[in-house]
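Let's take a friendly walk through this fold, one element at a time. Keep the viewer open and turn the structure as you read.

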Amino acid sequence: MPLNTKSKKPSAKDSPLERYISIMETVAPFEHGLTAIELETTLGLPKTTINRLLHALIESGMITAESVRNRTYRLGDRLLQLLQMSPDSGWLTTLAQRPLQDLADRTGQSAFLSKFDGTEVRSVTCVAPDTPVRTYVMPGMAMPVNATASAKAILAFHPQETVKRILATELRSYTDRTKTKIAELTRELAEVREQGYAMDLAEHVPGLGSIAFPIRPTSGEVIYAVGLTGPYGQIIEQNFKQHCAALAEAAQRMAKLAQMHAYNGSAMAAKNAAADQRQGGA
């Protein structure tokens with residue numbers, strides 16, 4: 001995880017496009033939608049601005065208004081169709097940017113998302129805090145199952161057959177703290193299942209620590225984990241409980257996104273099948 005020093009760039013958070021995106025990101029986790037008042041409170045925007053943004057999004061099919069009384073707003077069919085057409089699970093990578101940014105802002109540490117493809121775990125995306133020096137997890141980087149928090153957080157919630165298959169590969173040592181014995185790792189994975197999160201205690205990169213929580217939808221396998229990484233002292237020894245609380249919230253938020261995507265995917269498939277059936281009977 002190389003350290004990058006980047007100069008600050010002007011914020012684009014107040015741009016019109018960013019406000020439209022913020023509306024969609026905010027309602028996305030809520031299956032039954034949010035009211036305009038809830039959007040005002042969450043985004044801190046005036047009522048007139050919220051109404052203007054919602055009107056434009058409804059007109060474009062990106063947002064749908066439900067009922068007249070106590071009207072709520074949820075993602076529209078047009079956007080859901082785009083999400084269903086996206087390759088693989090890139091939709092979650094896109095929608096995860098806001099939760100990751102909030103996590104990085106809240107903790108002052110780098111927040112990242114990792115994914116298990118059935119064979120190995122790799123980083124997907126990373127958001128670094130707005131500080132002169134920050135730790136950055138390069139997208140696509142392999143996350144060793146015996147040395148990284150995100151890999152352990154995911155693997156701990158898989159069947160024993162999967163765990164045995166993955167641990168049967170060569171377990172390389174990266175630092176003097178890396179575990180390379182299957183028995184040790186099996187015990188640690190059991191602890192991860194019990195406590196709900198995993199840690200990297202300078203096991204992958206000397207001087208760096210990580211905490212990761214699995215993203216656990218109500219149905220289906222755990223294939224994603226959200227994590228924080230940075231200097232060991234700042235991650236593990238300072239504000240550890242606060243980091244865990246922020247990660248748990250982010251993981252729950254992303255699990256809702258995954259669940260909503262699965263629900264809407266099924267609903268969209270049923271809707272398309274019904275339409276095809278009507279056309280076939282015409």
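Where is the place of Arg 71? Arg 71 sits in the loop between strand 3 and strand 4. Keep in mind that this is a predicted model. At 35% relative accessibility, Arg 71 counts as partly exposed, because that class covers values between 20% and 50%. Leaving aside residues up to four places away in sequence, Arg 71 touches Leu 34, Thr 35, Ala 36, Ala 65 and Glu 66. With Ala 36, the C-alpha separation is 7.8 Å, although the two residues are 35 apart along the chain.

Now look at the strands around that loop. Three strands make an open sheet in the order 2-4-3, with antiparallel pairing. Strand 2 (34-35) and strand 3 (63-66) are at the edges with a single partner strand each, so one side of each has no neighbour in the sheet. Strand 2 and strand 4 (residues 72-75) run antiparallel and are joined by two bridges. In that pairing, Leu 34 stands opposite Tyr 73 of strand 4.

Helix 1 (residues 16-27) lies across strand 2, strand 3 and strand 4, and runs at about 95° to strand 4. A quick check on its length is possible: at 1.5 Å a residue, the 12 residues of helix 1 should span 16 Å, and the end C-alpha atoms are 17 Å apart, which agrees. Buried residues of helix 1 include Ser 22, Ile 23, Met 24, Glu 25, Thr 26 and Val 27.

Next comes a pair of helices. Two packed helices are described by the angle between their axes and the distance between the axes. For helix 2 (residues 36-43) and helix 3 (residues 47-60), the axes come within 10 Å and cross at roughly 115°. The crossing of helix 2 and helix 3 is right-handed. On the helix 2 side, Ala 36, Leu 39, Glu 40 and Leu 43 take part, meeting Lys 47, Ile 50, Asn 51 and Leu 54 of helix 3. Sorted by class, this contact has five nonpolar, one polar and two charged residues. Ala 36 also appears among the residues that Arg 71 touches.

Further along the chain there is another sheet. Five strands form an open sheet in the order 6-5-10-9-8, again with antiparallel pairing. Strand 6 and strand 8 (198-201) are the edge strands, each with a single partner strand, so one side of each is left without a neighbour in the sheet. From one strand to the next, the twist averages 25°. Helix 6 (residues 97-107) packs on this sheet and touches strand 5, strand 6 and strand 10, its direction making about 70° with that of strand 6.

How much of strand 5 (residues 110-116) is buried, and what follows from that? Seven of its seven residues are buried, so strand 5 is largely enclosed by the rest of the structure. Ser 110, Phe 112, Ser 114 and Phe 116 point one way from the strand, while Ala 111, Leu 113 and Lys 115 point the other way.

Strand 5 has partners to follow in turn. Six bridges join strand 5 to strand 10 (residues 224-231), running antiparallel, and there Ala 111 has Leu 228 as its bridge partner. Another six bridges join strand 5 to strand 6 (residues 121-127), also antiparallel, with Phe 116 partnered by Val 121. Strand 5 and strand 6 form a hairpin with four residues between them, and Gly 118 in the turn has a positive phi of about 100°. Strand 10 in turn pairs with strand 9 (residues 208-215) in the antiparallel sense over eight bridges, and Ser 210 stands opposite Thr 229 of strand 10.

Backbone angles make a good last stop. Most residues other than glycine have a negative phi, and most peptide bonds are trans. Ala 202, though not a glycine, has a positive phi of about 60°. Ala 202 lies in the loop between strand 8 and strand 9 and is buried, with a relative accessible area of 9%. Asn 239 has a positive phi too, near 55°. Asn 239 is found in the loop between helix 10 (232-237) and helix 11 (240-281), and is partly exposed at a relative accessible area of 45%.

Stepping back, the protein comes to 11 helices and 10 strands. Of its 282 residues, 46% count as buried.

Notes: Residues are numbered from 1 along each chain as its sequence is written. This is a predicted model: local features need pLDDT of at least 70, side-chain atom pairs count only at pLDDT 80 or more; totals for chains, interfaces and linings use all residues. Side-chain values use heavy atoms; hydrogens and water are left out. Two strands pair if DSSP finds at least two bridges between them. Contact means heavy atoms within 4.5 Å. Axes are lines fitted to C-alpha atoms, for helices over the stretch in contact, and angles run from 0 to 180 degrees between N-to-C directions. The expected span of a helix is 1.5 Å times one less than its number of residues. Buried means under 20% relative accessible area, exposed over 50%, partly exposed in between (1.4 Å probe, protein chains only). A crossing is left-handed if the near helix is turned anticlockwise from the far one by less than a right angle, and right-handed if clockwise. Ala, Val, Leu, Ile, Met, Phe, Trp, Tyr, Cys and Pro count as nonpolar, Asp, Glu, Lys and Arg as charged, and the others, Gly among them, as polar.
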